[in-house]
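Student: I'm new to this one. Could you pick a single part, take me through it closely, and then show me how the whole thing looks around it?

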Amino acid sequence: MSHKFLLILAAAVCFTAQAQQFPYQDKALSPEERAEDLISRLTLKEKTALLMHRSEAVPHLGIPGYNWWNEALHGVARNGSATCFPQPIGMAASFDEDLLYEVFTAASDEARVKHREALEEGSSGQYQGLTFWTPNINIFRDPRWGRGMETYGEDPYLTGRMGMAVVRGLQGPDDSPIRKALACAKHYAVHSGPETSRHRIDVSVSRRDLHETYLPAFKDLVTKAGVGQVMIAYNRFEGKPCGVNDYLIDTLLRGDWGYTGLVVSDCWAIADFYVKGRHEYVEDGVTAAALAVKAGVDVECGDAYRYIPEAVRCGLLSEEDIDRNLKRALAARFRLGEIDGTDPWKDLPESIVEGPEHLALALKMAEESMVLLHNDGILPLSGGKIALIGPNADDPVMQWGNYKPIPSSTVTLRKALEDRLGDGLTCVKGCGHVEDAEPLEDILAKLDGIETVIFAGGIAPYLEGEQNNVKVPGFEGGDRTDVELPRVQRELTAALHDAGKKVILVNFSGCAINLGPETASCSAILQAWYPGQTGGTAIANAIFGEVNPSGKLPVTFYASADELPDFENYDMEGRTYRFFRGKPLFPFGYGLSYTTFKFGRARVRNGRLVFTLRNTGRRDGTETVQLYLSRPDDPQGPVRTLRAFRRVDVKAGKKVKVEIPLDPETFLWWNGESGRMEPLAGKYLLWYGSSSDKAELRKVKFSF
């Protein structure tokens, strides 16, 4: 037996011997009551250790060690084999919150299995706990932000709906006495790049932008979904680091929203308060730790809280401040059943991890995430000789995205096409992501007699993502410096077109890319995002028509970065479909199908918007109906803003009646007098249709 296991076993024996001796061991008491009693028995050193992400065991009281740091952005991450679902930005394109709930129910099932396995092995290390730092519900306000792929897009309403589905799937039923896991709303708040300045940037926005764009999803997760954790962001907001910002934490989060859960720090964010070249908000770690504890940051990811005892000795901090925060942290652990070893999911078999049901779920989500951006009629393909070219044709790591599970197997696009076409498929690398193009004459020689080319292009997570050291044309520090398809790929697809090839571009990326030139050089464009371990199969199913594409863009695709404001400017004017006044390349909510739909004239009846949706094509299909609002007498407000959506299945040649409730929350609008978002009386336009593009929408006048 390992030394660590013997220590844990000894602690368990001690705990058993003391069973029911102290109130904190009484499961009949509330988690808060148990936490309060336990705190009364701890030393300052023990309290300090329990507030850090590596929480040390307290053997003489039977408290096991615990590591708060765990990730499940799109499946259980960094903990061995697990089902790898599509990257969140791709799942957002599904507009399917019910399916997303199933995905994260599956992820939390796998999490419980993995946590149990770790305990059986005598381990309680990083990435083995039940406190997951997901979802990322920051607004993807600028396509240059490298971490935007972790989010659910640029719209506050869609982000809130999808984020709540994640929380409910991870945390399990509200009425369960034991939480299945704890989700985390991050990064609070007003945080979305650039990556290169996130540790020092001071963000200021109008109160309207704050409450209308940056906060609604956080409020939804707190007040409606009961999220168990909120993570502070690295940046400052209006002069104060987010971790000590009384307006964000006291006034809004714990005040107006009534939040009673955990506040956790982003990793080493407290150190940013004093490290040279970062915020330099205070001079030293002792002061930083004291300020963070007093502000209500309950658990620190990092090591600045090691200064807590010194802060107490210096009079900067009282034990009452520490006890208040620790009570929330320990109550959360009791609520998870982790301290007691209580596990209602102990009978989940190990075979569910990457099992058939979860792989089928990953495939379904990947299929629903596919967005058909352009099609001159070439798709769906029926067969014949096909060539596969491009840097993303056979790259499983690219498909996994970032903060990724590591699946035991991955179906790349090459693998899926080889299984389908056999000798009918010719594979040519062609080029790298940003360089290394093969001579065109060599490529064309290999394509002799082949008319149709599938080009697996785009970018990859090593180019875009959280703070990295990559600096190549178009990319810097994890972000992008433009929104273009890398030149080597643009030139090759154009050359293939000029040589008479019919090019189908499968674009892999976690962000919007200017594909304007490709609409001329390519016969079809399919946006595949980073589709996870079953991505190749999902793409092939879409290309060959076994699945009718139904994904919709959760972000705006712009024609140029020149149309965007400065990256570090967080004002919303000119950003996203809600405030962009130009003509996008592809609008938010856009996505083609292999069939066509017609929206009937709507009426408002009994508090509902009612209309018919007809499938006017020859294939069954799914349309994502979208409802937007605008307020004509508010020129400073959004051009349009999403207020409802639903996926509607319609058989070929048939029609269905669609009803969308118009409740008071539908009419949440900025009230300048109260400084809040409220159901606001007045005249509105209700826009409904297949995307945010005015030309694709019908409207109804309505007074609320």
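**A close look at Asp321**

Tutor: Let's start with Asp321, which sits in helix α12, the stretch covering residues 319-335. Keep in mind that this is a predicted model. Is Asp321 buried or exposed? Its relative accessibility is 15%, and since buried means under 20%, Asp321 counts as buried. As for its company, leaving out residues up to four places away in sequence, Asp321 touches Val293 and Lys294.

Now let's step back to the protein around that residue. Its secondary structure comes to 20 helices and 27 strands. The radius of gyration is 26 Å, close to the 27 Å that the globule rule gives for 704 residues, so the protein is as compact as a globular protein of that length. Along the principal axes, the C-alpha atoms fill a box of roughly 80 × 65 × 50 Å. Asp321 has company in being buried, as 63% of the 704 residues count that way. Take the contacts with a separation of 6 or more: residues 24 or more positions apart account for 74% of them.

What about the outside? The protein exposes about 25,900 Å², and carbon and sulfur atoms supply 49% of that. On the charge side, there are 81 positive and 95 negative side chains, with the centres of the two sets 6 Å apart.

For a strand to set beside the helix, try β22, residues 641-650: 7 of its 10 residues are buried, so β22 is largely enclosed by the rest of the structure. Strand β21 (residues 621-630) pairs with β22 in the antiparallel sense over 9 bridges, and Thr624 stands opposite Arg647 in β22.

Notes:
Residues numbered from 1 in each chain as written. Predicted model: local features only at pLDDT ≥ 70, side-chain atom pairs only at ≥ 80, totals over all residues. Heavy atoms only, no water. Helix = DSSP H or I, 4+ residues; strand = E, 2+ residues; numbered from the N terminus. Buried < 20%, exposed > 50% of the residue type's maximum accessible area, 1.4 Å probe, protein only. Contact = heavy atoms within 4.5 Å. Pairing = 2+ DSSP bridges. Rg over C-alpha atoms; globule rule 2.2 N^0.38 Å. Areas by Shrake-Rupley, 256 points an atom, 1.4 Å probe, with all protein chains shown as cover. Lys, Arg positive; Asp, Glu negative; His and termini not counted. Charge placed at Lys NZ, Arg CZ, Asp CG, Glu CD.
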